[in-house]
Amino acid sequence: MRMIKAMLVMVIAVSLFAGEGDNWFGYAATNDPADDISNPRGVCAGSDLDQDGKPEVIVTDYSNGGMVHVYEVTGDNTLELVWSSTGTPSGYSSPVRIVATGDLDGDGLGEIIFPVNSYNAIDDSAGIYVYEWDGTTDNGYGTEPTAVRYIAETDSVERFRVEMIAVADIDDDGTQEIAIASNGNTFSANGLPGDRFWIWSVSGSFPGFYTFTTELDLRRYSTDYPDGDFVGSPNTVALADIDGDGTTEVMCEVWNNITYFAVEATAANTYAMSTPYAYSPVDEVAIKGGVAYDIDGDGADEFFFGGYVSGNLWVIDGVTDALALDTTNAYLLGEGIGAGYGFAAGDLDHGTDSDGPDIYFTTWGTIQDWEYTGADPTDPASYTKYEIYRDRIIGSVGGGVNHIVAPGDLDGDGNGELIAAYQGVVDTVNGYYYAPQYFRVIEFTPDIMPISFVRENDENGEPVWMDSVVTIKGIVTAADEVFGTSKVYLQDQGWGMCVYDETVEGAVDIGDEIVVTGSVDFYNGLTELTSATLEVSSLPTLWSVCPILIGCPSLNDTVGETYEGLLTQINYVTTEDHFPAEGSNGIVTITDSLDNDATMFIDDDTDIDGTTAPWVPFNVIGIASQFDYSSPYWEGYQIMPRSLDDLELGVEEEEPVAVALLSQNAPNPFRTRTTIEFSIVKSGYASLKIYNVSGQLVKTLVDGHMENGTYTRTWNGRDENGRTVASGTYFYKLESGGFSRTNKMIIAR
């Protein structure tokens with residue numbers, strides 16, 4: 001029997017007007033789970049250092065005192081680990097955070113270049129390491145560094161901690177330089193600042209006689225060192241041409257309310273710097289810095305950067321002289337959107353209609369795409385916003401993407417790719433094996449629509465893509481007639497979907513990865529694909545589904561449909577209800593250890609109806625769905641176990657992971673600004689979002705990794721595009737650790 005369900009209203013934050021195929025991205029490739037690598041903090045891609053015609057992806061690794069690994073693209077969406085550097089003696093917990101490529105000695109042989117960090121004391125390992133191709137051997141980078149520029153006592157630092165480097169011919173003298181931001185100690189034993197920005201070059205040739213020469217040495221200012229150049233701790237460097245004069249600038253970022261200044265060559269080996277200015281109201285940085293891109297084609301780069309505490313996004317534009325850069329050149333594009341980690345730029349989707357150049361950034365939990373579709377880079381309304389990738393499974397245990405690069409079409413199939421480096425990766429999630437995917441290739445997929453786009457709804461909760469024929473891809477989580485002969489549920493790593501078709505249901509099994517084409521339909525609130533055709537069915541090659549741990553409040557949420565269609569799990573619940581009689585559907589109320597209730601729906605096609613409900617606490621796995629007869633489908637979320645095997649009896653209570661506090665905003669009601677206080681009990685992914693009474697997303701204040709603690713966020717009553725919203729009732733929702741809380745606020749202008 002066909003179960004009647006409905007979905008809650010939510011407008012997923014993607015454009016309603018994107019041309020077909022625009023900004024559709026999918027998961028294409030990753031490391032082999034058997035590869036001996038671990039959580040990379042940095043990545044570079046697109047080089048071919050050994051000149052074999054195979055583009056390379058190079059990732060960092062904290063293991064063995066710090067390493068890097070080289071992958072080659074060997075075919076369509078196919079990668080192979082071909083070389084790893086030797087470990088170092090560094091005892092620092094995060095010794096290698098970034099890697100770059102270049103040719104510092106100018107001999108035509110490509111080099112892998114990375115810093116090895118130390119913390120409280122300079123040890124024998126700290127410095128810049130260079131592995132150079134030997135010129136003949138495939139992947140011949142050797143087993144020991146070709147060259148090392150060790151940090152020495154004469155450098156006057158007691159800590160060498162580098163987040164980013166940049167390699168280029170910065171002063172246009174025909175020789176490449178390396179720009180370095182080192183978050184050193186405030187003062188060394190000799191009284192000199194250890195916080196430094198350097199530009200170094202190389203004289204001579206590797207591996208013989210060579211010398212690293214310091215072309216620029218900038219030091220931290222303090223009252224004890226008034227000859228310093230900046231205030232704060234160096235964090236990142238990035239290359240740009242913000243004034244369009246053809247001369248490369250180094251954009252230097254300081255951990256002091258996101259202070260930026262530009263360094264530009266005035267002659268060979270000679271540099272000048274702009275006055276440092278702070279751009280953020282809070283003390284923060286963008287973890288991996290910003291990105292330069294001439295997004296409006298006027299010949300001068302815009303420079304985009306964010307803050308990992310505020311989550312704000314800024315752009316620097318309108319610079320006529322890089323050495324005169326000041327705060328009048330910085331514009332706030334978005335507040336509280338999680339834009340504090342990695343940035344990349346390009347136009348990877350080659351789409352139609354509204355397609356334009358793109359800024360990509362990570363929020364730790366997601367990868368966002370702001371496509372430039374307007375006429376003014378400083379106007380938030382000139383960008384159309386998309387979420388193009390989310391791994392909700394690894395996000396549920398605190399993992400996320402830190403650094404991204406946009407190298408283009410590495411495998412030559414005509415589709416551009418992003419490379420994302422993930423941290424916090426584990427091989428077990430909620431007790432289930434989850435193949436460790438330390439970096440991901442996210443590829444433009446013009447023929448496969450992301451499930452998140454299919455699930456986009458209007459203000460009434462009905463599909464924007466209603467009656468459109470679309471193709472989606474995912475792993476099957478419900479088939480084999482567990483919900484009858486017509487229902488299949490599948491999901492990608494972030495979103496789930498129902499396919500209602502008897503021929504598809506009969507041709508697939510749970511665990512298959514399928515590609516299916518069908519018509520977007522709407523049945524009592526539930527978005528489905530109907531009249532479907534199975535295009536591809538095979539065993540998954542990159543990942544497998546494991547349940548996402550949530551809490552009962554996540555299914556009682558009145559402002560979103562985040563979990564609909566996903567395989568979820570709620571732990572340590574009890575029920576006082578009876579299961580329905582055999583051959584009958586039934587609703588059962590379950591209660592978690594925090595006394596929150598949710599609905600469990602027992603389908604008569606399972607083997608659960610007709611059995612006795614547990615009288616002891618149990619864990620339940622099931623598809624998150626909804627049951628609501630009336631538009632606009634505000635209520636009715638439920639979890640649907642597929643069989644008795646989805647009920648684990650006799651479990652022990654675990655310490656709940658919960659949101660400890662979501663205070664009432666103050667003032668409330670308010671006219672122009674209000675502040676929300678909240679706390680996080682366990683570090684991990686968190687989001688704080690504001691919705692209107694129709695369930696539409698109005699503003700994202702938090703979307704990324706947060707440490708445990710108490711925070712405040714201020715909302716200025718404007719939406720994602722900077723427009724003032726109307727008076728009325730709004731809801732703000734906090735999600736963290738699988739639990740959610742929602743409060744109401746009122747704007748009275």
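**Close-up 1. The annotated span at residues 686-735 in the predicted model.** An unreviewed UniProt entry places the feature "domain: FlgD/Vpr Ig-like" at residues 686-735. In this predicted model, the C-alpha atoms at the two ends of the span lie 5 Å apart. Strand accounts for 64% of residues 686-735, and helix for 0%.

**Close-up 2. The open sheet formed by β2, β3, β4 and β5.** Four strands make up this sheet, in the order β2-β3-β4-β5, and their pairing is antiparallel. The edges are β2, residues 43-47, and β5, residues 78-84; each of these strands pairs on one side only. On average, neighbouring strands of the sheet are turned by 25 degrees against each other, with direction ignored.

**Close-up 3. The pairing of β3 with β4.** Strand β3 covers residues 56-61 and strand β4 covers residues 67-75. The two strands pair in the antiparallel sense, over six bridges. Within this view, Thr 60 stands opposite Val 68, which belongs to β4.

**Close-up 4. Surroundings of Thr 477 in strand β32.** Strand β32 runs over residues 469-478 and includes Thr 477. The relative accessible area of Thr 477 is 1%; because buried means under 20%, Thr 477 counts as buried. Leaving aside residues up to four places away in sequence, Thr 477 touches Tyr 489, Leu 490, Gln 491, Ile 510, Val 545, Leu 567, Ile 623 and Arg 642.

Definitions and conventions. Residues numbered from 1 in each chain as written. Predicted model: local features only at pLDDT ≥ 70, side-chain atom pairs only at ≥ 80, totals over all residues. Heavy atoms only, no water. Pairing = 2+ DSSP bridges. Axes fitted to C-alpha atoms, helices over the stretch in contact; angles between N-to-C directions. UniProt positions renumbered as here; feature names shortened; annotations may be inferred. Buried < 20%, exposed > 50% of the residue type's maximum accessible area, 1.4 Å probe, protein only. Contact = heavy atoms within 4.5 Å.
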